[in-house]
Amino acid sequence: MMDALSVVTQLRDLASEPQNREAIVQDQGCLPGLVLFLDHKDPKVLFATLQTLRYLAESPRNISTMKDELGMMVSLEILMERTGMTTDITDLAKEVYDVLSAQTQRQACQTPEQQKRRNKPQFFINSSNKKAKSVTLHIQGLDGADQRGVCEEALLRVKGVISFTFQMALKRCTVRIRADLPSESLATAIAATKVLSAKPVVKNENGEEVLIPLSTSGSKVEENSHLPDYLPEDESPEKELDRAVSRTGAKQDTGGSWLNTAASFLTKTFYW
């Protein structure tokens, strides 16, 4: 039995794969359903919906359709001003709103070469929200679903963590955080589990990936008072692209079949 949270979480996972983004937006049921989810009372559903929209907005071909979707921009504006929301939700709503607004305005006055540079795929990196950054961590001990659950709980307690995506095959986690949150805070929170440890993955001057050890002894971690829970994601091999993180291994027929199921749910079940 599907519910709103499970549907939007699965849709977010599909949207994290670049090859699925245009199909989701073109589907007659998914985009209208996501707009309605922007008025949901559950902050977990709201956050997952915004993450999904941010993924979809990474495809330049989706921008115009998303912006013109009935209720999209108005719902984002209302959400930005809604009282009682966490800053993570309001900030992400503003980011999606800015991306949808800015790209269509700028493309009208850009040269083809400028548009080509603008349309390079990104994953929340160098986007319109200059208050956020992404950190890729190699997590020692990330061997299965139980350890991933422990890691999720640790990251969700860190104030300033916006979202994260696991690459189980590589024992990695890409974490989107506020720009003023030091990476040491993530390492400290993960080390506090006593079963996991984390090191940032960076590229050296030769373009080779290396692990950077971090000190966790002197780092103070500010915890969230509100935890926006995540549902467990389907495990699948993943690969890291240039400035993009994509889940791979999801078969097209499986994604298409589930997308049809989600679209059916979204078009028939708009009450909570």
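## Salt bridges in this predicted model

The side chains of D13 and R12 meet in a salt bridge, with N and O 3.5 Å apart; the term means a side-chain nitrogen of Lys or Arg within 4 Å of a carboxyl oxygen of Asp or Glu. D13 is buried at 4% relative accessible area, and R12 is buried too, at 5%. Here buried means under 20% relative accessible area, exposed over 50%, and partly exposed in between (1.4 Å probe, protein chains only).

A word on the source: this is a predicted model, in which local features need pLDDT of at least 70, side-chain atom pairs count only at pLDDT 80 or more, and totals for chains, interfaces and linings use all residues. Residues are numbered from 1 along each chain as its sequence is written, and side-chain values use heavy atoms, leaving out hydrogens and water.

How many salt bridges does the structure hold? There are 11, and two that link distant parts of the chain are worth a look.

| Salt bridge | N to O distance | Elements | Separation |
|---|---|---|---|
| D91 and R178 | 2.9 Å | helix α7 and strand β3 | 87 residues |
| R172 and E209 | 2.5 Å | strand β3 and strand β5 | 37 residues |

Helices (H or I, at least four residues) and strands (E, at least two) are DSSP runs, numbered from the N terminus. Helix α7 covers residues 87–107 and strand β3 covers residues 172–178, while strand β5 spans residues 209–211.

D91 is partly exposed, at 29%. R172 is buried at 11%, whereas its partner E209 is partly exposed at 39%. Elsewhere, R54, E58, E95 and R176 are joined into one network by salt bridges that share partners.
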